[in-house]
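Thanks, everyone. Let's get the model on the screen and walk through it.

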Amino acid sequence: MKYFKTESTRTALRYEITPQNFMDKTKRNYPFEQKDQYGKFSQYAICPSCLNPIQIIGIAHKIKTNPYGRHTGKSVKSLAKWNHEKYEYCPFAAKNDQKELNNEARLEELDDNIIELYNLMKSQFDRIIFILEKELEIKCSEYFWRKALTQYIVNRAYCYPWLTEANLPYIFAYFGIHHQRLFKQGIRIDSGLYKALKKHPNVNFIETKNINYEQLCNKNNAFLELFFRFSHHSHKISNDETLIEKMIFYIDDRKTGITLFEKEITFNETFFMNMINKKGNEDKRQQRFIDIAEELMNPLINN
């Protein structure tokens, strides 16, 4: 893996594995550097995806490739306990490489990890919307996002085993926006989506207050059955240990059975948390979306 954490929490920052970063963030102090019974030193940190302990390879001694992290398979004293169930759903587990994931899978029991991600969505819902509107080139109503969040909660998507803080905005779209109607939502002008929809014989666009977007409407009161769809959530690890996580975004016309638009979306592994931790951007928050999350997302309790 290419990144490491120094804390076993979802909101802890990810750092690229380099000798300088490891020194800066850990000082190579215990428990990040430990000596075995033979006097050999090893370097440790936390997996950014499953929060299990990892050994850092190539920090103390040069190797032919870039430094990387690998799972220890056991607890590391004073750093982190090994959790095999979490490892089972880690993209960096060898058996999970290049695997399309099961949409129906849910963890049965709530744990601190699930609750932490749930609360992160609740407090950052406006930023999640910002990322998705930018990625999908749409601008949707408060009612639309309220419906999407309700669908996400009802389907217990917060218990999806592969959910992390890095993919949270995308997985929210995957389960929340899936099958939502596109009618009367804003589409970015001259985007690929806009151009594809413009070809539809019954689609009309009207101006909005935002000059970069137009609202999708119908011609001559024609009934439109245009819906969002997401599928093929997958992940694989590249040769340089980068996590490549993707899904496919579609717009379907259910009236004709034709897919009007298709786009592969590659998740940005660090953008969401970097946005949250960037100083000086609190004035850009959208309180109306935070209020929706506060209203709809009842507290989760770990029994």
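Start with helix H6. Its buried residues are Leu168, Pro169, Tyr170, Ile171, Phe172, Ala173, Tyr174, Phe175, Gly176 and Ile177. The helix runs from 168 to 177, and 10 of its 10 residues are buried. One backbone detail follows. Just after H6, histidine 179 has a positive phi, about 75°. Keep in mind that this is a predicted model.

Now the charged pairs. Side chains of opposite charge can pair when their charged atoms come close. How many salt bridges does a search of the whole structure find? The count is 13. I'll take three of them.

First on my list: arginine 14 with glutamate 269. Their closest N and O atoms are 2.7 Å apart. Arginine 14 sits in the loop between strand S1 (3-4) and strand S2 (15-16). Glutamate 269 sits in the loop between strand S14 (258-266) and helix H8 (271-277). So the pair ties together parts that are 255 residues apart in sequence. Are these two residues buried or exposed? Arginine 14 is buried, at 13% relative accessible area. Glutamate 269 is buried too, at 12%. The cut-off for buried is under 20%. This pair also belongs to a network of salt bridges, which links Lys5, Arg10, Arg14, Glu165 and Glu269.

Next, aspartate 126 with arginine 285. Here the closest N and O atoms are 2.7 Å apart. Aspartate 126 is in helix H4 (residues 125-136), and arginine 285 is in the loop between H8 and helix H9 (287-296). The two places are 159 residues apart in sequence, so this salt bridge also ties together separate parts of the chain. Aspartate 126 is buried, with a relative accessible area of 2%.

Then arginine 288 with glutamate 142. Their side chains meet in a salt bridge at 3.1 Å, N to O. It links distant parts of the chain again: arginine 288 in helix H9, glutamate 142 in helix H5 (residues 142-154), 146 residues apart. What about exposure? Arginine 288 is partly exposed, at 41% relative accessible area. Glutamate 142 is partly exposed as well, at 38%.

On to the sheet. It is an open sheet of 4 strands, in the order S3-S4-S5-S6, with antiparallel pairing. Which strands stand at the edges? Strand S3 (33-35) and strand S6 (68-71) do. Each has a single partner strand, so one side of each is left without a neighbour in the sheet. From one strand to the next, the twist averages 45°. Look at S4 and S5 inside that order. Strand S4 (residues 41-46) and strand S5 (residues 53-57) run antiparallel, joined by 4 bridges. Tyrosine 44 has glutamine 55, in S5, as its bridge partner.

Last stop: threonine 26. Its place is in helix H1 (residues 19-26). The residue is buried, at 4% relative accessible area. Where does its polar side-chain atom point us? A polar atom of that side chain lies 2.5 Å from the backbone oxygen of phenylalanine 22. Now leave aside neighbours within four places in sequence. Threonine 26 is then in contact with Phe4, Thr6 and Phe32.

That's the tour. Happy to go back to any view.

Definitions and conventions. Residues numbered from 1 in each chain as written. Predicted model: local features only at pLDDT ≥ 70, side-chain atom pairs only at ≥ 80, totals over all residues. Heavy atoms only, no water. Buried < 20%, exposed > 50% of the residue type's maximum accessible area, 1.4 Å probe, protein only. Polar contact = N/O pair within 3.5 Å; in protein donor to acceptor, adjacent residues only side chain to side chain. Contact = heavy atoms within 4.5 Å. Salt bridge = Lys/Arg side-chain N within 4 Å of Asp/Glu carboxyl O. Pairing = 2+ DSSP bridges. Axes fitted to C-alpha atoms, helices over the stretch in contact; angles between N-to-C directions.
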